[in-house]
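Grab a pencil and open the viewer next to this page. Below are some exercises on how helices pack, each with a solution worked step by step.

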Amino acid sequence: MPQELFFIRDLIIALLLGSLIGIERERSRVEAGNGHHEFGGVRTMSLIAMFGYLVHELFSDQLIVFTTFVLGFWSLIVASYVVSSIQNKNSGATTEIAGIFVFLIGILTAMDQHLFASAIALLVAILLFFKGQ
């Protein structure tokens, strides 16, 4: 199989795994019905997974650039948590932590660790689903 097809296959896997967690976050938001804007739905989680995948694919051999992107992503997650905590006093960090896991799922997919990435995505989705139960 040509290398380009592996790239497309792995990118689709990352997007689907991110979507799984995003779907659960949207279900949780609808179920809560609180009307607050929260970080992370289907599109956001899919984009985070794709970002993690692309960061590893493009910069895994350049440690400084790779680390800069990872730390930049973590900074965005922290900023999201701070803003949501100010706006909504009783918000937790569950969705932001899920975003970090989705980023790692994207990286694992780029490393051809599909089974490991799938298992983590499934466990995160299950934990998020049963959080409100």
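## Exercise 1: H3 against H4

The axes of helix H3 (residues 63–87) and helix H4 (residues 94–110) come within 10 Å and cross at roughly 160 degrees. Work out how H3 and H4 run relative to each other, and which residues meet.

**Solution.** Some ground rules to begin with: this is a predicted model, where local features need pLDDT of at least 70, side-chain atom pairs count only at pLDDT 80 or more, and totals for chains, interfaces and linings use all residues. Residues are numbered from 1 along each chain as its sequence is written, and side-chain values use heavy atoms, with hydrogens and water left out.

- Step 1, the terms. Helices (H or I, at least four residues) and strands (E, at least two) are DSSP runs, numbered from the N terminus. Axes are lines fitted to C-alpha atoms, for helices over the stretch in contact, and angles run from 0 to 180 degrees between N-to-C directions.
- Step 2, the direction. Angles under 35 degrees count as roughly parallel, over 145 as roughly antiparallel, 65 to 115 as roughly perpendicular and the rest as oblique. H3 and H4 are therefore roughly antiparallel.
- Step 3, the hand. H3 and H4 make a right-handed crossing (the near helix is turned clockwise from the far one by less than a right angle; anticlockwise would be left-handed).
- Step 4, the residues. On the H3 side you'll find Phe-66, Val-70, Phe-73, Trp-74, Ile-77, Ser-80, Tyr-81 and Ser-84, and they meet Glu-96, Gly-99, Ile-100, Phe-103 and Ile-107 of H4 (contact means heavy atoms within 4.5 Å).
- Step 5, the chemistry. The residues of this contact split into 9 nonpolar, 3 polar and 1 charged. Here Ala, Val, Leu, Ile, Met, Phe, Trp, Tyr, Cys and Pro count as nonpolar, Asp, Glu, Lys and Arg as charged, and the others, Gly among them, as polar.

## Exercise 2: two more helix pairs

Do the same for H2 with H3 and for H4 with H5.

**Solution.**

- Step 1, H2 and H3. Their axes are 9 Å apart and the packing angle is about 165 degrees. That makes H2 roughly antiparallel to H3, and their crossing is left-handed.
- Step 2, who touches whom. H2 brings Ile-48, Phe-51, Val-55, His-56 and Phe-59, while H3 brings Val-65, Phe-66, Phe-69 and Phe-73. The tally is 8 nonpolar, 1 polar and no charged.
- Step 3, H4 and H5. These axes come within 8 Å and cross at roughly 165 degrees. H4 and H5 are therefore roughly antiparallel to each other, with a left-handed crossing.
- Step 4, the partners. Thr-94, Ala-98, Phe-101, Ile-105, Leu-108 and Thr-109 from H4 meet His-114, Phe-116, Ala-117, Ile-120, Ala-121, Val-124, Leu-128 and Lys-131 from H5. That gives 10 nonpolar, 3 polar and 1 charged.

## Exercise 3: the core

Which residues of the largest nonpolar core touch the most other members, and which helix supplies the largest share?

**Solution.**

- Step 1, the term. A nonpolar core is a set of buried Ala, Val, Leu, Ile, Met, Phe, Trp, Tyr and Cys residues joined through side-chain atoms within 4.5 Å. Buried means under 20% relative accessible area, exposed over 50%, partly exposed in between (1.4 Å probe, protein chains only).
- Step 2, the hubs. The core has 26 residues, and Ile-21 and Ile-105 touch the most other members.
- Step 3, the suppliers. Helix H1 (3–32), helix H2 (42–59), H3, H4 and helix H5 (114–131) each give at least two residues. The largest share, 8 residues, comes from H4.
- Step 4, a closer look. Beyond its neighbours within four places in sequence, Ile-105 contacts Leu-17, Ile-21, Ala-117, Ile-120 and Ala-121.

## Exercise 4: Thr-109 and His-56

Are Thr-109 and His-56 buried or exposed, and what do Thr-109 and His-56 touch?

**Solution.**

- Step 1. Thr-109 sits in H4 and counts as buried, at 0% relative accessibility.
- Step 2. Not counting residues up to four places away in sequence, Thr-109 touches Asp-10, Ile-13, Ala-14, Leu-17, Tyr-53, His-114 and Ala-117.
- Step 3. His-56 is in H2 and is buried too, with a relative accessible area of 15%.
- Step 4. Neighbours within four places aside, His-56 contacts Phe-66, Ile-107, Ala-110 and Met-111.
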